[in-house]
Structures are given as structure tokens and as C-alpha cells.
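Here is a short briefing to read alongside the coordinates. It goes from the whole chain down to single residues.

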Amino acid sequence: MTRKVADCRRFPSETNCTLTITGEEDEVLQAATQHAISVHKHQDGPELRERIRDFLEDEESKA
């Protein structure tokens with residue numbers, strides 16, 4: 001299974017967040033959602049999760 005990446009640097013923010021989360025899609029979605037809520041003050045809900053899922057990228061192979 002392809003690992004996914006959520007990189008806050010790709011979204012403009014007031015905090016200039018540099019967090020990158022990498023792992024299996026469900027893990028990254030859960031961690032990125034919690035980060036968006038606690039750090040960026042987004043409201044939890046299906047729309048937020050869908051936006052985050054659309055934002056995820058495949059991890060580049062290091063081989």
C-alpha cells in the first residue's frame with residue numbers, strides 16, 4: 001500500500017506551520033485532522049476530513 005503525506009507547508013497559514021505527517025492513509029487522515037483542529041482551529045466534520053483527504057499526496061519512493 002502506498003504511504004500518504006500531509007504537508008502543512010503546502011497550505012498558507014498564519015503560523016507558517018511546517019509539520020509533515022507520513023504514514024498509511026487512515027493514520028495520516030486521523031493525525032492531520034487532529035492537527036488541523038488543535039493547531040489551526042478548524043471545525044471537525046466530514047467537510048474537513050474530505051478536504052484533508054484531497055490534500056494528501058503519495059509518498060515519493062526512496063528506492
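The points below cover the fold, the surface, a cysteine pair with its histidine neighbour, and some loop residues.

This is a predicted model. The protein chain has two helices and three strands. Their order from the N terminus is β-β-α-α-β.

**Overall shape**

- The chain has 63 residues, and a compact globule of that length would have a radius of gyration near 11 Å. The protein chain has 12 Å, which agrees with the globule rule.
- Along the principal axes, the C-alpha atoms fill a box of roughly 35 × 25 × 15 Å.
- Contacts with a separation of 6 or more include a long-range share: 41% of them join residues 24 or more positions apart.

**Burial, surface and charge**

- Of the 63 residues, 30% count as buried.
- The accessible surface of the protein chain is about 4,800 Å². Carbon and sulfur atoms account for 47% of that surface.
- The protein chain carries 9 positive and 14 negative charges. The mean positions of the two sets lie 3 Å apart.

**Cysteines 8 and 17**

- How many disulfides does the structure hold? The count is zero.
- Cysteine 8 is in no disulfide, and its nearest cysteine sulfur is that of cysteine 17, 3.7 Å away. Cysteine 17 is likewise in no disulfide, with the sulfur of cysteine 8 as its nearest, at 3.7 Å.
- Why does this pair not count? A disulfide needs the two sulfur atoms within 2.5 Å, and the sulfur of cysteine 17 is 3.7 Å from that of cysteine 8.
- Is cysteine 8 buried or exposed? Cysteine 8 counts as buried because its relative accessibility is 14%, under the 20% cut-off.
- Cysteine 17 also has 14% relative accessibility, so cysteine 17 counts as buried.

**Histidine 35**

- Histidine 35 sits in helix H1, which spans residues 25-38.
- Its relative accessibility is 13%, so histidine 35 counts as buried.
- Which residues does histidine 35 touch, leaving aside those up to four places away in sequence? They are Cys8, Cys17, Leu19 and His40. Both cysteines of the pair above are thus among the contacts of histidine 35.

**Phenylalanine 11**

- Phenylalanine 11 is in the loop between strand S1 (4-7) and strand S2 (20-23).
- With a relative accessible area of 46%, phenylalanine 11 is partly exposed.
- Phenylalanine 55 is 44 residues away from phenylalanine 11 along the chain. In space, the C-alpha atoms of phenylalanine 11 and phenylalanine 55 are separated by 9.3 Å.

**Positive phi in the loops**

- Most residues other than glycine have a negative phi. Two exceptions follow.
- Asparagine 16 has a positive phi, near 50°. Asparagine 16 belongs to the loop between S1 and S2. At 62% relative accessibility, asparagine 16 counts as exposed.
- Where is lysine 41? Lysine 41 lies in the loop between H1 and helix H2 (46-55). The phi of lysine 41 is positive too, near 60°. Lysine 41 is exposed, with a relative accessible area of 61%.

Notes:
Residues numbered from 1 in each chain as written. Predicted model: local features only at pLDDT ≥ 70, side-chain atom pairs only at ≥ 80, totals over all residues. Heavy atoms only, no water. Helix = DSSP H or I, 4+ residues; strand = E, 2+ residues; numbered from the N terminus. Rg over C-alpha atoms; globule rule 2.2 N^0.38 Å. Buried < 20%, exposed > 50% of the residue type's maximum accessible area, 1.4 Å probe, protein only. Contact = heavy atoms within 4.5 Å. Areas by Shrake-Rupley, 256 points an atom, 1.4 Å probe, with all protein chains shown as cover. Lys, Arg positive; Asp, Glu negative; His and termini not counted. Charge placed at Lys NZ, Arg CZ, Asp CG, Glu CD.
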